[in-house]
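Please examine the sequence and the model shown below. The paragraphs that follow lead through selected features in turn.

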Amino acid sequence: FQYPTSVYYTDQNSAFREQLGMGPIAYIFKHYSEEGIFDRQWILKEAATACNNNFTTKEELYWYPELLMAMEPTKEELLGLQDEIFQGLSCIYAHVPQALLKIVRTLINEPKFRIDDLMVYFPALLASESKALVKATLPLITDLLKKYPDKRNELCEHLAVLFINKN
């Protein structure tokens, strides 16, 4: 998880991908963690942490959020990974933060959700050159505005950058 690897290419280009519903390597991680052979918490944490490893190619980096979701983590497990997931939002490749925003969106109604830690990443997400990433961030902010009315002013301040953004 800490070094460049070709695991993405192997997992993406496998004949078993369609049959398993995920790449065979992701399946092995999931299966053996369910059997107790692999440390599930370690895999989840390393997959979330690796989402911000900028030493790999974007194709390699795409594999980590896929692995994270293939592991089918519980909300409690994801809440314990908020630091790593939020850090992944600063990844230079838009696909990774987009995938992580989907995860974040499932957590906003949880009492242990840390909205203040998340809001630190909004300026970069909303100023991104990737329109898809900006569009993926907006529904999350809309949901946060509904869920956290006491954060309305701060969230609206973050939205103001959209009027300045050239895209």
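Asp 116 is partly exposed in this predicted model, because its relative accessible area of 41% lies between the 20% limit for buried residues and the 50% limit for exposed ones. The side chain of Asp 116 meets that of Lys 151 in a salt bridge, with an N to O distance of 2.7 Å. Asp 116 belongs to helix 9, whereas Lys 151 lies in the loop between helix 11 and helix 12 (152–159), so the pair ties together parts that are 35 residues apart in sequence. Lys 151 itself counts as buried, because its relative accessibility is 14%, under the 20% limit.

Lys 151 also forms a salt bridge with Glu 154, where the closest N and O atoms are 3.9 Å apart. Glu 154 counts as partly exposed, at 35% relative accessibility. Elsewhere, Lys 30, Glu 34 and Glu 72 are joined into one network by salt bridges that share partners.

The count of salt bridges comes to 11. One of them joins the side chains of Glu 110 and Lys 75, at 3.7 Å from N to O. Glu 110 is located in the loop between helix 8 (95–105) and helix 9 (115–119), and Lys 75 in helix 6 (residues 75–79); the pair therefore ties together parts that are 35 residues apart in sequence. Both partners are partly exposed: Glu 110 has a relative accessibility of 23%, and Lys 75 has a relative accessible area of 40%. In general terms, side chains of opposite charge can pair when their charged atoms come close.

Attention now turns to the nonpolar interior. In soluble globular proteins, nonpolar side chains tend to be buried together. The largest nonpolar core of this model has 49 residues, and those with the most contacts inside it are Ile 85, Phe 113, Leu 118, Phe 122 and Leu 144. Helix 5 (residues 58–70) supplies the largest share of this core, namely seven residues. Which residues does Ile 85 touch, not counting those up to four places away in sequence? The contacts of Ile 85 are Ala 48, Leu 78, Leu 100, Ile 103 and Val 104.

A final residue to locate is Lys 146, which is found in helix 11 (residues 131–147). Lys 146 is exposed, because its relative accessible area of 65% is over the 50% limit. Between the C-alpha atoms of Lys 146 and Asp 39 the separation is 37 Å, and the two residues are 107 residues apart along the chain.

Key:
Residues are numbered from 1 along each chain as its sequence is written. This is a predicted model: local features need pLDDT of at least 70, side-chain atom pairs count only at pLDDT 80 or more; totals for chains, interfaces and linings use all residues. Side-chain values use heavy atoms; hydrogens and water are left out. A nonpolar core is a set of buried Ala, Val, Leu, Ile, Met, Phe, Trp, Tyr and Cys residues joined through side-chain atoms within 4.5 Å. Buried means under 20% relative accessible area, exposed over 50%, partly exposed in between (1.4 Å probe, protein chains only). Helices (H or I, at least four residues) and strands (E, at least two) are DSSP runs, numbered from the N terminus. Contact means heavy atoms within 4.5 Å. A salt bridge is a side-chain nitrogen of Lys or Arg within 4 Å of a carboxyl oxygen of Asp or Glu.
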